[in-house]
Amino acid sequence: MRPVQETRSRKRDGGKPVPLYVVTGGRSQAPESGEWPVLDLVTLVVATAAPQPGMPPEQADLLRSCRRPLSVAELSAHLALPFSAVVVLLTDLHQNARVELRQTRPPRGGAVADPDVETLKALIDGLQRL
């Protein structure tokens, strides 16, 4: 895969940087609803459609980049966009059935703030041995 030198998402209209709120349509995160997928850094993305004329350039870049499975983290780095902006764009593409999202790990039942107790105990033990 070829690296993108300077993405159009950050340089429109003669090379001037574009604020991210323009790229994401004013949204800073995807809606938190049961019908929306939960995307993390390792979620794999595969395009199911080709870019269409009139599509925002960032979404078209995402579709071109993920013809083969790529993680959200790789897409973010490849397109030089923050993870949060890529999540908003991918959520839009997923809603329009233009990308398939493949979860690489099972969803956690608890909140992110509820870590595994055994893992924390092992971490504390390891730190105390230092």
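**Exercise 1.** In this predicted model, determine which side chains of strand S5 (residues 99–102) are buried and which are not.

*Solution.* Start with the direction of the side chains, which alternate along S5. Val99 and Leu101 point to one face, and these two are buried. Glu100 and Arg102 point to the other face and are not buried.

**Exercise 2.** Identify the strand that pairs with S5 and state the sense of the pairing.

*Solution.* The partner is strand S3 (residues 44–47), and the pairing is antiparallel, over 4 bridges. As a detail of this pairing, Arg102 in S5 has Leu44 opposite.

**Exercise 3.** Classify the arrangement of helices H2 (residues 57–65) and H4 as roughly parallel, antiparallel, perpendicular or oblique, and describe their contact.

*Solution.* Two packed helices are described by the angle and the distance between their axes. Here the axes come within 10 Å and cross at roughly 80 degrees. Angles of 65 to 115 degrees count as roughly perpendicular; therefore H2 is roughly perpendicular to H4. On the H2 side, the contact involves Glu58, Gln59, Leu62 and Leu63; these meet Val86, Leu89, Leu90, Asp92 and Leu93 in H4. Sorted by class, the contact of H2 with H4 has 6 nonpolar, 1 polar and 2 charged residues.

**Exercise 4.** Decide whether Val88 is buried or exposed, and compare its separation from Leu39 in sequence and in space.

*Solution.* Val88 lies in helix H4 (residues 83–95). Its relative accessible area is 1%. Buried means under 20%, so Val88 is buried. Val88 and Leu39 are 49 residues apart in sequence, while their C-alpha atoms are 9.7 Å apart in space.

Definitions and conventions: Residues are numbered from 1 along each chain as its sequence is written. This is a predicted model: local features need pLDDT of at least 70, side-chain atom pairs count only at pLDDT 80 or more; totals for chains, interfaces and linings use all residues. Side-chain values use heavy atoms; hydrogens and water are left out. Buried means under 20% relative accessible area, exposed over 50%, partly exposed in between (1.4 Å probe, protein chains only). Axes are lines fitted to C-alpha atoms, for helices over the stretch in contact, and angles run from 0 to 180 degrees between N-to-C directions. Angles under 35 degrees count as roughly parallel, over 145 as roughly antiparallel, 65 to 115 as roughly perpendicular and the rest as oblique. Contact means heavy atoms within 4.5 Å. Ala, Val, Leu, Ile, Met, Phe, Trp, Tyr, Cys and Pro count as nonpolar, Asp, Glu, Lys and Arg as charged, and the others, Gly among them, as polar. Two strands pair if DSSP finds at least two bridges between them.
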